[in-house]
Amino acid sequence: MYNCVIANNAAPLNWNTPNPSNPFIIAKNSNTAINLYNCTLVSNEEIFKCYNEGVKNINLYNCLYWNNAPISEDVTQYSCIVVDNADNSRVKLKRPSTTRGPEASDWQIADWSIQAGSSCIDAGISLLFPSDKIKIDLAGNERIAGNSIDVGAYEY
């Protein structure tokens with residue numbers, strides 16, 4: 001997955017009963033590899049779960065992980081910014097949703113792009129992104145605009 005925003009999710013126990021203790025993205029065995037490149041993961045309940053002990057087959061590259069349930073030890077991070085609370089003073093998002101999960105009333109108007117002065121600007125590692133295949137960010141901006149790729153789904 002490239003340049004994605006995964007926001008305000010909680011996987012249901014079944015389709016009629018939401019259950020925030022169930023993950024949104026599941027890796028069932030060692031043959032399953034889930035790679036997220038320059039994604040913004042925000043205001044979610046539990047996102048990831050691996051069902052094969054000791055196998056770390058979920059990889060985040062240049063991702064922003066903000067205001068989610070704590071990140072799982074099953075997830076390997078490469079040049080990511082992880083903020084475990086709703087304070088966006090460091091990451092400086094434009095108009096974030098301040099509550100977690102699908103019951104949040106402000107998720108439809110949220111803007112997960114970054115502002116001037118954000119710690120996400122030029123904080124990624126460009127070599128971790130397939131710039132030969134993906135040329136633009138989620139908003140249609142040139143994917144690498146500064147000295148290095150920005151962390152998250154948006155380039156400043």
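Arg-143 is buried: its relative accessible area is just 1%, and buried here means under 20%, so this residue counts as buried by that cut-off. Keep in mind that we're looking at a predicted model. Where does Arg-143 lie in the chain? You'll find Arg-143 in the segment after β13, a strand that covers residues 111–114.

What does the side chain of Arg-143 reach? One partner is the backbone oxygen of Asp-150, at 3.5 Å. Another is the backbone oxygen of Gly-152, and here the distance is 3.3 Å.

Now let's zoom out to the whole chain. How many helices and strands does the protein chain have? The count is zero helices and 13 strands. Read from the N terminus on, then, the elements go β-β-β-β-β-β-β-β-β-β-β-β-β. The protein chain has 156 residues, and 44% of them count as buried. Its accessible surface comes to about 8100 Å², with 49% of that belonging to carbon and sulfur atoms.

Contacts tell you something about how the chain meets itself. Take the contacts between residues at least 6 apart in sequence: 55% of these join residues at least 24 apart.

Next, the sheets. Strands of a sheet pair through backbone hydrogen bonds, and they can do so in a parallel or an antiparallel way. Which order do the strands take in the three-stranded open sheet? The order is β5-β8-β10, and the pairing is parallel. At the edges sit β5 (34–37) and β10 (75–78), each pairing on one side only. Neighbouring strands in this sheet are turned by 15° against each other on average, direction ignored.

Strand β8 (residues 58–61) pairs with β5 in the parallel sense, over four bridges. In this pair, Leu-36 stands opposite Leu-60 in β8. Four bridges also join β8 to β10, again running parallel, and there Ile-58 stands opposite Val-75 in β10.

So much for the neighbours of β8; what about its faces? Are they covered or open? Both are covered. Ile-58 and Leu-60 are buried on one side, while Asn-59 and Tyr-61 are buried on the other. Ile-58 and Leu-60 have thus turned up twice: Leu-60 is the residue opposite Leu-36, and Ile-58 is the residue opposite Val-75.

There's also an open sheet of four strands, in the order β1-β6-β9-β11, with parallel pairing. Its edge strands are β1 (5–7) and β11 (81–83), and each of them pairs on one side only. The twist from one strand to the next averages 5°. Strand β6 (residues 40–42) is joined to β1 by three bridges, and the two run parallel. Look for Ile-6 here, which stands opposite Leu-41 in β6.

Here are the strand pairs mentioned above, side by side:

| Strand pair | Bridges | Residues standing opposite |
|---|---|---|
| β5 and β8 | four bridges | Leu-36 and Leu-60 |
| β8 and β10 | four bridges | Ile-58 and Val-75 |
| β1 and β6 | three bridges | Ile-6 and Leu-41 |

How values were computed. Residues numbered from 1 in each chain as written. Predicted model: local features only at pLDDT ≥ 70, side-chain atom pairs only at ≥ 80, totals over all residues. Heavy atoms only, no water. Pairing = 2+ DSSP bridges. Axes fitted to C-alpha atoms, helices over the stretch in contact; angles between N-to-C directions. Buried < 20%, exposed > 50% of the residue type's maximum accessible area, 1.4 Å probe, protein only. Contact = heavy atoms within 4.5 Å. Areas by Shrake-Rupley, 256 points an atom, 1.4 Å probe, with all protein chains shown as cover. Polar contact = N/O pair within 3.5 Å; in protein donor to acceptor, adjacent residues only side chain to side chain.
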